[in-house]
Amino acid sequence: MAKTYDAIVIGSGISGGWAAKELCERGLNTLVLEAGRPINPETDYVEHVPVWEMKFRGQGDRKARNATQPIQQQCYACDEMAYKFFVNDIENPYTTPEGKPFSWIRGRQVGGRSIMWGRQVYRWSDLDFEANGKEGVGCDWPIRYADIAPWYDHVEEFVGITGQAEGLSQLPDGKFLPPMALNCAEQVVKDGMAKHFGRERVLTIGRAAVLTQDHLGRSACHYCGPCHRGCITRSYFSSVNATLPAARATGRLTLRPYSVVHSITYDAKTGKATGVRVIDGQTKHALEFKGRIVFLNASTLESARILLNSGFGNSSGQLGKNVMDHIMGGGANGRIDAPADKIDFGNRPNGIYIPRFRNITDKSPGFIRGYGFQGSSELSKWGHANYLPGFGASFKKSVRQEQPWFIYIGGFGECLPRFENHVELDKEKRDDWGIPVLHISVAYGDNEKKLVDDMADTCGTLCLAAHHLGEAGVEKAYAMVTHGILSGNALEAVEKSSLDKLIVTNTLPQEENQKRCKKIEVIDIGPVLGEVIRRSHYGESISKLFNEVPF
């Protein structure tokens, strides 16, 4: 007779790892099913491998990536060292309606995307939990901050979160390890914002799942930088680094890789799940595992796919509906007059954060909810040498002495739940294991577009920010907009503002706008967006992506 586990957990990423840890530590014999391969940190983590040891010197095999990972390579982290942590798009397809692309970034291995996630962790507040009920959008959350605060504490005390307490109602403070330091340029901007905005808009160091001191057997970060390639010191949090080892230490964990879940089995008489149907990832043989309880932790969309394939759990008609994602868009980049005698030390795996300031106390015109800014500042490495005159020893000396500081911020906004944003099973297409794939139909709505509009100051925000950044020491200020709606008096405001240039992508026609505003420059979104995200993650300047650098 087949063994019946106390619990089955589907997925070994961040939530699956946590489920395994909590269940095993509470005495349950737990089976974790992972669709992908096992991970051995000693051989799979390559954060310390120098680019000159790579076949393509860190630039990657573009032909191979275009052939097998056309979607995954849009993520900055899918580089020559870390592409192995991302799925093969040909083996794991999905479909979208024509004209509505959707980039689904996935990782199929033990640890899932917890290996290459961005590690930024921010608590929700009652502003978030109460929003749906107060605004009549979607369904009201059945819990409030006070209900979940003890669980935030529980998680953070195990993970190890670096951060600075700020006492903001919209961003509750947590159980923090010592914060990482702002660099001198970020401090200049922080001081400038405090002078002009007070506590309305605050710049703080990011709250990150990276250790700043030894913690529960894991070592403090040594600032090597490329976290998405792994972390041999286990300094950043992942399932592989933390929760799965804790589960394994109980002796109650069974981890089975290469287990592609097809569906969940169900007993209609008892109304309970009974187990999981699996396709072996290597042999492609069908298997079935029995369990008293089943935890579905296969990522948001993959979990919906499994339930849709299972044929139950949809009495509300809401399964696969109301898909939400971050809306990313407006931002700014500029050179800042920071102390020239200061230099960067190491590669800080964290950036700056400006918490939400819209719709906190005063209602913003035209949209609900809000957004925060993430970014960083860096001392130019060597790219500025391309624009300096000279030759020989004197040229080398000027390169070292004339290193400018740059700062970049980009917006992350909230999407509203909309029924028409949905996933469903594709009626024809199957993946490599014969399982129906998802058809994903998602588009940004009017509120999201207005958020991006506001991020990039088509309503005045960044024009004002450019002015204040100038007062804080920024010599030139560029803004970047991914969806340049430029409504109302936006063009006139940009033209009269302290912005030196407004970089707009070609997602919307801009010919008429360019005639009315000479500061607008249009760039192709395809190759640029991925590089902007990569550079901002590493704290590198994005100026060299444009026709000139801002000095």
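Biologist: What makes Cys 227 count as buried or exposed in this predicted model?

Modeller: The relative accessible area of Cys 227 is 9%, and buried means under 20%, so Cys 227 is called buried.

Biologist: How do you know whether Cys 227 is in a disulfide?

Modeller: The nearest cysteine sulfur to that of Cys 227 belongs to Cys 221 and lies 6.0 Å away, whereas a disulfide needs two cysteine sulfur atoms within 2.5 Å, and therefore Cys 227 is in no disulfide. A search of the whole structure finds zero disulfides. Cys 224 is likewise in no disulfide, with the sulfur of Cys 227 as its nearest cysteine sulfur, 6.3 Å away.

Biologist: Why is Cys 224 called partly exposed?

Modeller: Cys 224 has a relative accessibility of 27%, and because partly exposed covers the range between 20% and 50%, that value places Cys 224 in this class.

Biologist: What makes Gln 72 count as buried, and where is Gln 72 placed?

Modeller: Gln 72 is in the loop between α3 (62-68) and α4 (126-129), and its relative accessibility is 0%, which is under 20%, so Gln 72 counts as buried.

Biologist: How do you know that the side chain of Gln 72 makes a polar contact with Trp 104?

Modeller: The side chain of Gln 72 reaches the backbone oxygen of Trp 104 at 3.0 Å, and because a polar contact requires a suitable pair of N or O atoms within 3.5 Å, this pair qualifies. Leaving aside residues up to four places away in sequence, Gln 72 also touches others, including Cys 78, Phe 86 and Asp 89.

Technical notes: Residues numbered from 1 in each chain as written. Predicted model: local features only at pLDDT ≥ 70, side-chain atom pairs only at ≥ 80, totals over all residues. Heavy atoms only, no water. Buried < 20%, exposed > 50% of the residue type's maximum accessible area, 1.4 Å probe, protein only. Helix = DSSP H or I, 4+ residues; strand = E, 2+ residues; numbered from the N terminus. Polar contact = N/O pair within 3.5 Å; in protein donor to acceptor, adjacent residues only side chain to side chain. Contact = heavy atoms within 4.5 Å.
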